[in-house]
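Visitor: Can we go through this one together? I have some short questions.
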Amino acid sequence: MSSNQITPTPMPTMSPAEVEDYINHYKSIELSWHILMKIGGAISCISSFLLVTHILKKKWTDISLTTMMLLGISLMDIIRSFFGFFMGLWMSGEGILFITSGPLIAGNTQTCTAQGLIFTFSLTYFVTAYAGLGALCE
């Protein structure tokens with residue numbers, strides 16, 4: 001045994017009651033996080049919908065190219081916020097690693113894949129749309 005070898009320190013032991021308290025605390029934090037995501041997704045859907053209705057009230061000849069791009073961004077934000085944040089774990093399939101995911105999961109592998117596809121497509125759209133918007137507004 002060499003002298004510069006590190007000896008591991010023992011892990012602190014927890015009683016079963018402490019473990020149960022820790023898991024319950026984690027579950028409450030995780031559940032509140034999912035509720036906040038749903039509230040944020042709903043607010044984003046509503047605000048983007050209001051922006052879309054405001055833009056669509058104008059005549060098509062009066063709408064500039066940047067406003068049309070903003071319309072597309074708002075429509076995509078409605079889709080992304082609904083499927084990505086509001087629906088959240090409801091579309092997820094079995095095998096999610098969250099502790100509280102059991103009662104929150106209502107989907108299967110196909111719905112989880114569809115949610116991932118929509119979310120990835122919307123993020124790709126946002127990157128290209130904001131880049132185009134930035135080039136037009138220069």
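Guide: A cut-off to start with: a residue counts as buried when its relative accessible area is under 20%, and as exposed when it is over 50%. Also, this is a predicted model.

Visitor: Fine. Is arginine 80 buried or exposed, then?
Guide: Buried, because its relative accessibility is 16%, under the 20% limit.

Visitor: Where is arginine 80 placed?
Guide: Arginine 80 lies in helix 2.

Visitor: And what does arginine 80 touch, leaving out residues up to four places away in sequence?
Guide: Phe85, Phe119, Ser122, Leu123 and Phe126.

Visitor: On to the helices. How do helix 2 and helix 4 cross?
Guide: Helix 2 spans residues 65–86 and helix 4 residues 109–136; their axes come within 9 Å and cross at roughly 160°. Angles over 145 degrees count as roughly antiparallel, so helix 2 is roughly antiparallel to helix 4.

Visitor: Which residue classes make up that contact of helix 2 with helix 4?
Guide: There are 17 nonpolar, six polar and two charged residues.

Visitor: What about helix 1 and helix 2, at what angle do they pack?
Guide: At about 155°, with the axes 8 Å apart; helix 1 covers residues 16–56. Helix 1 and helix 2 are therefore roughly antiparallel too.

Visitor: Which hand is the crossing of helix 1 and helix 2?
Guide: Left-handed. The crossing of helix 2 and helix 4 is also left-handed.

Visitor: Which residues meet between helix 1 and helix 2?
Guide: From helix 1, they include Met37, Gly41, Cys45 and Phe49; from helix 2, they include Leu71, Ile78, Phe82 and Phe85. By class, the contact of helix 1 with helix 2 has 15 nonpolar, seven polar and two charged residues.

Note on methods. Residues are numbered from 1 along each chain as its sequence is written. This is a predicted model: local features need pLDDT of at least 70, side-chain atom pairs count only at pLDDT 80 or more; totals for chains, interfaces and linings use all residues. Side-chain values use heavy atoms; hydrogens and water are left out. Axes are lines fitted to C-alpha atoms, for helices over the stretch in contact, and angles run from 0 to 180 degrees between N-to-C directions. Helices (H or I, at least four residues) and strands (E, at least two) are DSSP runs, numbered from the N terminus. Angles under 35 degrees count as roughly parallel, over 145 as roughly antiparallel, 65 to 115 as roughly perpendicular and the rest as oblique. A crossing is left-handed if the near helix is turned anticlockwise from the far one by less than a right angle, and right-handed if clockwise. Ala, Val, Leu, Ile, Met, Phe, Trp, Tyr, Cys and Pro count as nonpolar, Asp, Glu, Lys and Arg as charged, and the others, Gly among them, as polar. Buried means under 20% relative accessible area, exposed over 50%, partly exposed in between (1.4 Å probe, protein chains only). Contact means heavy atoms within 4.5 Å.
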